[in-house]
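Subject: Handover of a structure

Dear colleague,

Please find the structure below, followed by an account of what was found in it.

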Amino acid sequence: MSLRDLPSVDELLRELESFDGVPRALLTNEIRSVLAEQRSALKHNAAAGTHDSISSLVIARLERLRSSSLKRVINATGVVLHTNLGRAPLPSFAPISGYSNLEYDLATGKRGKRDSHLAPLLEGLLGKPAIVVNNNAAAVYLVLNELAEGGEVVVSRGELIEIGDGFRIPDIMAHSGALLREVGTTNRTRIDDYEHAISDRTRLILRVHPSNFHLSGFTARPALGELAALGQRRNIPVYEDLGSGCLVDLREQGINEPLVAESLAAGMNVVSFSCDKLLGGPQAGIIAGDAVLIERIRRNPMYRAFRVDKLIIQSLEVTLQHLLFENWREIPALRMIRASAEQLRQRAERVSQALTGIPHQVRESSSVIGGGSTPNEVIPTSIVELIVDDATECDRRLRSNKVPVIARIEKKRIVLDLRTVFGEDEAELVQAVRCAVAPNRT
Ligand SMILES: *Cc1c(COP(=O)(O)O)cnc(C)c1O
C-alpha cells in the first residue's frame, strides 16, 4: 500500500461510527493516530497495513482503553512480596464506594479526624501513638524533615542504602533539609563512632534496616539498646527506619526480621515502616513512637501532602484488625509465609495429578520472601516443574491467559510454586498450564 491508498479519516469514521458507546472525538483521535503511524511506517519503507487491518487496529486500541489495565494475576513465582505484583497481596475487603464518615464524628455530628479510624488499632498493636502516610519513603522524609531540618543526622556508613527505584537514604536526607553525618565504616560501626560524631548541630540518630542486602563476615553495629541509651544521655532522639514492619514473629518460619515491638521496647523514640511488606496490607507507611515527637511530625505541613486516602484507610483498618485479633489466616502474605513445606508438597502433588499427560515433575525448592527482605530469607517449598521445549514461549502463553499466570523460569523450565497461589486459583492455574503447553503437543 502507498501513502495515497491509505483510507481517509472520514472513510474510517463512517465505517466505525456504529462502534458501540465510543464518543466521536475519541474515535477521531484514535483513527488519526493510527493513520499517522501508518504514514510514518510507509515513509520508513516499512509495510503498512491493509484497509481492514487499519480499522481492526483502531478497534483494538479502543478495546484496550475500555478494558482494565490493572488486572488480577496468579502469582506462581513463590515470591510472597513481589515488587512487580503489588508487594503484599491485599486482604479481602468490600470497598465503600459512596460516602463515608471519613472526617465526620457520628457521635457529635461535628467534624472528625481521618486519623481516628486507625489510631486505636495502632495504639493496640504498638502501644504507642502512630500516624499513617502514603508509604515508608514519605515517612522517612517526614521524620527527617520535622526532626532534623537544618541540623545533622548521625548514621552508620553501613546503612546508607538504596531500596530500589531511586530511594536512597542520602538523597532523601538531602531533600529533607537534614545534613548527613556518616560514621564508622561500611562493615563496622561502633557506639563510640556515634558518640564522637555528636555535636551541638546533631538533631537525630538514625538507624536503617539494611533490608535488601546482607553484610556478613567481619561486621559490627551497636545494639538498639546502646543507641537508645546514647540518645537519652545526649538528649537526641533515635529513629529507626525498619523497612518491613514485621508485627508478627515469623522466626519459627525461619524469617529473622526485626519486630516493630522490639525496636520500640529497646527505646527507639521513633520508628517507621511499610504496610505492604511483612505487615501484609496496602501501600502505606506508619510512623510510631514518643507522643510528643509523633505530634510534631503530624503537624508538619507536608503531612497533608502525604496523608492516605479513604480506600487505604479502609484496607489498612481491615489488615490491622486481623493483626490485632491474630486472624493471621486472613492476611494472605502471612498465611502464605506460614504455609508448611508439607502443606505445599500436598498442594504441588494435587496440581501434579491434575496435569496428567503434561511432562512435569514435583520437587523440593525454596520460596523467596522478597519485597526488601534480605536475599537470604528463603523458606522451603515444593514446586511443579514443567518440562517444555520452549520455556520462554510457554511463559508468554501463561502470561496471556485470561487471568495471567506469572511463573518463574529456572534452567529453561517453567517453575510453579504454589505458596503464592491462592487455593481458589488452583483450577484456573491448571487450566492455564494446559492451554499454554497443549499447542506444542498437537
Ligand atoms: C522498603 C523500604 C523503604 C521504602 O518503603 P516504601 O514503603 O516502599 O516507600 C524505606 N526504607 C527501608 C529500610 C525499606 O526496606
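Helices (H or I, at least four residues) and strands (E, at least two) are DSSP runs, numbered from the N terminus. This is a predicted model, in which local features need pLDDT of at least 70 and side-chain atom pairs count only at pLDDT 80 or more, while totals for chains, interfaces and linings use all residues. Residues are numbered from 1 along each chain as its sequence is written, and side-chain values use heavy atoms, with hydrogens and water left out.

Ser55 belongs to helix 3 (residues 51-66). With a relative accessible area of 6%, Ser55 is buried (under 20%, against over 50% for exposed and in between for partly exposed; 1.4 Å probe, protein chains only). Leaving aside residues up to four places away in sequence, Ser55 touches Leu12, Glu15 and Leu16 (heavy atoms within 4.5 Å).

The ligand has 13 residues around it (a heavy atom within 4 Å). Of these, Ala137, Ser211, Asp241, Ser274 and Lys277 come nearest. Helix 5 (136-148) and strand 10 (238-243) each supply at least two residues of this shell.

Three polar contacts (pairs of N or O atoms within 3.5 Å) may be described. An oxygen atom of the ligand lies 2.6 Å from a polar side-chain atom of Ser274. For a side-chain N or O atom of Lys277, the distance to a ligand oxygen atom is 2.7 Å, and for a backbone N or O atom of Asn136 it is 2.9 Å.

Yours faithfully

How values were computed
Polar contact = N/O pair within 3.5 Å; in protein donor to acceptor, adjacent residues only side chain to side chain.
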